[in-house]
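Me: I'd like to go through this model piece by piece. Can we start with the empty space inside?

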Amino acid sequence: MALIKDIRFWIVLFFAVRLYGITQPPLEIGHNWRQSTVAMVARNFYEGDARIAYPKIDIAGEKTGITGMEFPIFNYLIYGTSEVFGYAHWYGRLINLFFSSIGLWFFYLLIRRYFQSYIAFYSTIILLFSIWFRFSRKVMPDTFSMSFILAALYFGLLFLESKDRRRQILNLALFVATFAVGSLSKIPSAYLMVLFIPVYLQMGIPPIRKLVLAVAGAVVAVTVYYWYYVWVPHLVETYGFWHFFMGKSMSDGANELLLHWSDGLSNFYDKPLKFIGFVAALFGLIFAFRKKDKKLIYIFTLAFTAFFVIMLMAGETFTKHDYYIIPFTPVLALCAGYGLNQIQSIRVRIVLLAAIVLELLGAQYFDFRIKPDYTYLSSIETELDSISSRNDLFLINSGPSPTAMYFAHRKGWVAKNNQITNPDYITNLRAKGLEYVLVLKQAFGTECYPNLPLILDKPEYKVYRVGASKNIHK
């Protein structure tokens, strides 16, 4: 019984559960395009230029592929693992799962410092099974980044409260390291640092210690600013390929949020905790205001205000992608855990907690399997090797998705069918070095018929020969 009440038991248990299918390629229905982008950057580090400041993707056509994006710490960990064991698709899944599980532990420690242990336990269980559950095993940096931010909050608090000199130095160093990794990996995650505001207003913490932490945080913030607002634009301008979404003006974002308000709201009441969990979070907020619990009120108000700025900067993009709500999910989980703790009967709490967990699991189990129509991509690289070199530039009818290009292990362009069947478009790319056109018939593309020599015809795809202009030197 004592083991079941220990949150570490549940974190470790469901770390093990999520190892199911961990070696699958990033071809699940949800976000395979995003995972493929992360994986191709890591593979390019492994196969070529390993300079971390020059991430490279495969859909930039005849260009180098170097472009601005999130600071590729996560990608670099995949690269480092590949240097030891050889490259494989799934390393990113395991790395993310490992750090995201540690992030749950830091979340629990943070909540336990300011709330009852039951609230910390319920909140962490809810976060474990929230949208965090499936994204923590994707080749994506979202929960990875948030885990480091949660750790940074914890170490920052320890620095402010510790009286031992050595521990202060250690905690400050850990704060800087975790804050830097978290915010560089995914800049919206850093919004949660606003929670230091009420801590700074507390009496009893030496002003010099507050100043030191603020300066350390400012150094990290300047570094993050330099990467995203100086270096990323430099890479885009120098190498001529734009890929990374840098946000928009808040006025434009506000108009887009109003236009797509229903989708934006679903990112709160549906995607993070599903419906029972969201009701529990509302219940917790209502009780916090009725009881005038300043701790939860401050946390929610500050976090939501800061997160709303991120929503404004994202605009319509926030309403289209469910992973944009991941940074706010720990706050909602805390509210839900707080709400459950207001129920007098422990048995009723456990029943409701089980209902939240079951609903969340039922909504996410599909993400642990690969759609049969997608599996052909796992072997397409070998099949293409029989007719072409990996240096040959390809054009693929996968729309904006890079997934097929990643699994083909080629470089080139992605486009829509109407572009591929346009002779002028093909002529233009031929002058830039285009050698082959890959037409996907089922998944990631549909049948089309460019006026080119057909050299390979499979049930799932076809390959046409183009032949680059002889003036092109690759």
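**Cavity, core and two residues**

Reply: This is a predicted model. The lining of the largest cavity is made up of Arg34, Val38, Met69, Glu70, Phe71, Pro72, Phe74, Asn75, Pro141 and Ser185.

Me: Which elements give two or more residues to that lining?

Reply: Helix H2 (32-47) and helix H3 (73-85) do.

Me: And how do the lining residues divide into nonpolar, polar and charged?

Reply: There are 6 nonpolar, 2 polar and 2 charged residues in the lining of the largest cavity.

Me: How much space lies in the largest cavity?

Reply: About 60 Å³. Searching the whole structure for cavities of 30 Å³ or more turns up 1.

Me: OK, on to packing. Which residues have the most contacts inside the largest nonpolar core?

Reply: Phe175, Leu192 and Phe328 do, in a core of 145 residues. Helix H7, spanning residues 142-161, gives the most to this core, namely 13 residues. Apart from it lies another core, with 14 residues, including Tyr425, Cys448, Tyr464 and Val466.

Me: Back to Phe328. What is Phe328 in contact with, leaving aside neighbours within four places in sequence?

Reply: Phe328 is in contact with Tyr191, Ala303 and four phenylalanines: Phe268, Phe300, Phe304 and Phe307.

Me: Next, Thr329. Where does Thr329 lie?

Reply: In helix H16, which covers residues 329-341.

Me: Buried or exposed?

Reply: Thr329 is buried, because its relative accessible area is 0%, and the cut-off for buried is under 20%.

Me: What does Thr329 touch, not counting residues up to four places away in sequence?

Reply: Thr329 touches Leu127, Ser130, Ile131, Pro272 and Leu273.

Me: Which backbone oxygen lies 3.0 Å from a polar atom of the Thr329 side chain?

Reply: The one belonging to Ile325.

Me: Change of topic: where is Lys63 found?

Reply: Lys63 sits in the loop between H2 and H3.

Me: Why is Lys63 called partly exposed?

Reply: Because Lys63 has a relative accessible area of 34%, and partly exposed runs between the 20% and 50% cut-offs.

Me: What is Lys63 in contact with, again leaving aside neighbours within four places in sequence?

Reply: Tyr239, Gly240 and Phe241 are in contact with Lys63.

Me: And what separation is there between the C-alpha atoms of Lys63 and Gly412?

Reply: The C-alpha atoms of Lys63 and Gly412 are 8.7 Å apart, with the two residues 349 residues apart along the chain.

Note on methods
Residues are numbered from 1 along each chain as its sequence is written. This is a predicted model: local features need pLDDT of at least 70, side-chain atom pairs count only at pLDDT 80 or more; totals for chains, interfaces and linings use all residues. Side-chain values use heavy atoms; hydrogens and water are left out. A nonpolar core is a set of buried Ala, Val, Leu, Ile, Met, Phe, Trp, Tyr and Cys residues joined through side-chain atoms within 4.5 Å. Buried means under 20% relative accessible area, exposed over 50%, partly exposed in between (1.4 Å probe, protein chains only). Helices (H or I, at least four residues) and strands (E, at least two) are DSSP runs, numbered from the N terminus. Contact means heavy atoms within 4.5 Å. A polar contact is a pair of N or O atoms within 3.5 Å; within protein, one must be able to donate a hydrogen and the other to accept it, and residues adjacent in sequence count only if both atoms are side-chain atoms. On a 1 Å grid over the protein atoms alone, a cavity is a set of points where a 1.4 Å probe fits but cannot get out, and a pocket is an open set with protein on both sides within 12 Å along at least five of seven lines; lining residues have an atom within 4 Å of a point. Grid points are joined across faces, edges and corners, and a volume is the space filled by probe spheres set on the points. Ala, Val, Leu, Ile, Met, Phe, Trp, Tyr, Cys and Pro count as nonpolar, Asp, Glu, Lys and Arg as charged, and the others, Gly among them, as polar.
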